[in-house]
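Colleague: I am new to this structure and would like a close look at a single part, the surroundings of the ligand. Could you take me through that part slowly and then place it in the rest of the chain?

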Amino acid sequence: MRTEQPKTIYLKDYKAPDYWIDETQLTFELFEDHALVHSRLALCLNTERHAETALPPLVLDGQQLELQKVVLDEQELVEGAYQVDSDSLTLQPSRAQFELALTTRIEPQNNTALEGLYKSGSMFCTQCEAEGFRKITYYLDRPDVMSRFTTTVIAERERYPVLLSNGNPIASGEHEGGRHWVSWEDPFPKPAYLFALVAGDLCLLQDSFTTMSGRTIDLRIYVEPENRTQCDHAMDSLKRSMRWDEEVYGREYDLDIFMIVAVNDFNMGAMENKGLNIFNSSCVLAHQDTATDMAFQRVEAVVAHEYFHNWSGNRVTCRDWFQLSLKEGFTVFRDSEFSADMNSRTVKRIEDVTFLRANQFAEDAGPMAHPVRPDSFIEISNFYTLTVYEKGAEVVRMLHTLLGEEGFRKGTDLYFERHDGQAVTCDDFIKALEDANGADFIQFKRWYSQAGTPRLNVRSEYDAASREYRLHFSQVCPPTPGQPEKQPQVIPVRMALLDRDGNEIPLQLEGKALGNEAVVSITEAEQTLVFENVPNCPLPSLLRGFSAPVKLSYPYSRDDRVFLAKHDPDGFNRWEAAQGLAVDVLQGLVEIHRAGRPLNLDQRLVEVMRSVIADAELDAAMVAEIIRLPSEAYLIELAEVADVDAIHYTREWLRRALAEALRDEMSARYQILAAAGSGAFSAKADAMAARSLKNSLLSYLMLTGEQQVVGWCVRQFVEATNMTDRQAALVALVNSPFEQQREAALAEFAERWAEYPLVMDQWFSIQAAASQPGALDRVRKLMEHPLFTMRNPNKVRALIGAFANQNLINFHALDGSGYAFLADRIIELDRSNPQIASRLVTPLSRWRKFEPKRQELMKTELARIMAQSPLSPDVYEVVSKSLA
Ligand code: ARG
Ligand code: ZN
């Protein structure tokens, strides 16, 4: 924390470092009340920037360190021979190559920010990305400085039998007084952000993997003893990821050992440290008794994500933090393709698009909007965003779409070959794809530099006489902070034209036959495509698979959408049509409600839902997606000025109306699924799909208020053979008016799962998200619960995060109580964990979306946070930009 105004850092100011660090030798002495870090660095001048005759000072990054010793070329420096301030250590080398040895003292047990070396429970662990290494020792803490690391960890044997770091173990031994040590050597030069250390009393799940060249890799998952039985799914996911990266990208693992460690206190999901991934336990542990299907899928995706970083991130890393999406966007694209291959491709795409539109689009429209490659930041931790990750992945997906499977693979092969062992930029990535394919992505690169979500408006015209069908496209990207004007972007539109029976009409564009489906690139602000030989006026199926992250609008009537929902041969666009219909219906209802008129149910929506619920051929997971109404968050994002009350009221009204209209179909299907699912548990895709549909039907049916349905729900809660079904029943009860059943279920659940922190996180978050009045009081009471603590990020997300992000009707209470509560928590958390505090600002930062009264209340709270002193740069950046 600092009191002076934090500095903005610009991409345009990037300079290569003055010195390189060839070798880094670290020794950690871990104690209960402090740790000593001894480092020995072999440095050399960057001769591309400086002559040996004019050696610049060496400025090492360091924060919150107690410097105990400085030895330059075996000579201990006296105070005055170097300068230390709150962010750095500066000294003057006298040779172009030299050795520097430092000792710093730190207090991991008091590190509540969970950045650098800290304690999670009884275990020591690290989180260095992005700039946490500087809280361990003075260093050139920037990703373009890559060094070979050797690490020795010394600790009490009894408490810390397991001592881990990156690479391979090379030696170990005993010291007097019950202490022991292990040395690790990582042969691959790496930036400091990939450094990791773990010390604890951990148990091990071990397996092995044979790579495509026949090498055997030792796979290890370390967890606290009580979690030993919950690691099989993560191990399985790891082996499948390793195989997939070989098959799809030709990438083989490089070290002889790969380790995953689960920790309970972790700011993010997980971290790809070389050879030693450290995970939030929520992204490792999964057992049917304690984890939902969603959690299983998250574990699979995150294990894959971190593993894939070994190539896209570690072997080829980022030159500077502005390039973060180089590794994150690419790796999210890789993990989502992996998940698509392991599960249902269409359903995975629907989930990703739903998430992107409700959340990233909102970020793009808010005060923190930034390009996929930002050009400035105050605190880099604030830029681990949906834009850098999810939109970044969409940008890579568009490149994949434009080049095709084979061309894309040629491009990534060249990228990995050309840049192995280097720290590079997004431009280098694009250049490799261009060079391997003879492609030109000059205009495409605007996706990296322009923020905001482009709107793509489409109109059509059919001329029966000439049999010509014209599609007029116009694109415009709204202004974002610092970018008042935008240039047209390359928008790949995957599309088809459908005749009246829903068949695809062969596409003929300007004399060229394109087949039944084509990808057309829209590159101009205004552009018209003329399709020839079109026998009848078609209905266009546009942006299939969401081929570009844009807001598409085409004047479909509700009847058109019904037709597409039933007949589009493309599964994604069938869902999209049903979703579009539901959005249209809900937006209409909001207007009717605001005008004070009675709401009415559009039977076309009922019919679409009826037909899919009865369709036993359709993938049950698809049915579940189609009957899920668009979220409140997405409806808020779509609105010019969001009326939270009207959105909540009409959406709930529509859910109930649908449940009543489809009661018979829903209960028939529910009962079939409940009977079929009551046998042995299966984690296969079709079993998960069946549970997903069953539980979505249950949540609808509960809205009818029928005693019989409450009985089914209670039975499901009691008899469930897995957490997915149990939790779904609990959610339905908690959101129902049946107080007695609700309280009984909550109490029983809490008693049964008190020993399982991740299960209790669910218990907190279900209650925090329940929309009945009085939610804030309930959240306040839950903060007093013995299992709740503000020191654990998962707990904060489960209770405070769920309330502010998922309980919109209560968070936006018109007396401002929700806003004030959140601001208090942000202020409180900023003193212990600025990264988590900063994340919590998001809901308040969106004040421009709401009507004047709420705007004022939200701004008042932002101003109150702003007035705090000290304020972390993390929170300062988000709050000041929100108020700008
Ligand atoms: N590189 C990690 C991942 O995406 C995320 C680490 C984020 N850390 C942070 N302090 N923001 O897999
Ligand atoms: Zn990542």
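Modeller: What follows begins at the ligand and then moves outward to the chain.

This is a predicted model, in which local features need pLDDT of at least 70 and side-chain atom pairs count only at pLDDT 80 or more, while totals for chains, interfaces and linings use all residues. Residues are numbered from 1 along each chain as its sequence is written, and chains are lettered from A and ligands numbered from 1 in the order in which they are written.

Around ligand 1 stand Glu129, Ala130, Asn267, Met268, Ala270, Met271, Glu272, His305, Glu306, Glu328, Ser381 and Tyr384, where a residue is near a molecule if its C-beta atom, placed from the backbone, lies within 6 Å of it. By kind, this shell holds five nonpolar, three polar and four charged residues; here Ala, Val, Leu, Ile, Met, Phe, Trp, Tyr, Cys and Pro count as nonpolar, Asp, Glu, Lys and Arg as charged, and the others, Gly among them, as polar. At least two residues of the shell come from strand 20 (270-271), and at least two from helix 2 (293-308); helices (H or I, at least four residues) and strands (E, at least two) are DSSP runs, numbered from the N terminus.

One of the shell residues, Ser381, lies in the loop between strand 23 (376-377) and helix 5 (386-419). Is Ser381 buried or exposed? Ser381 counts as buried because it has 24 C-beta neighbours inside 10 Å, the cut-offs being 20 or more other C-beta atoms within 10 Å for buried, 12 or fewer for exposed, and partly exposed in between, with C-beta atoms placed from the backbone. Although Ser381 and Trp321 are 60 residues apart in sequence, their C-alpha atoms are 9.8 Å apart in space.

Turning to the chain around this part, there are 27 helices and 33 strands. Its radius of gyration, taken over C-alpha atoms, is 28 Å, close to the 29 Å of the globule rule for 884 residues, so the chain is as compact as a globular protein of that length; the rule is 2.2 Å times the number of residues to the power 0.38. Along its principal axes the C-alpha trace spans about 85 × 70 × 60 Å, and 49% of the 884 residues count as buried.
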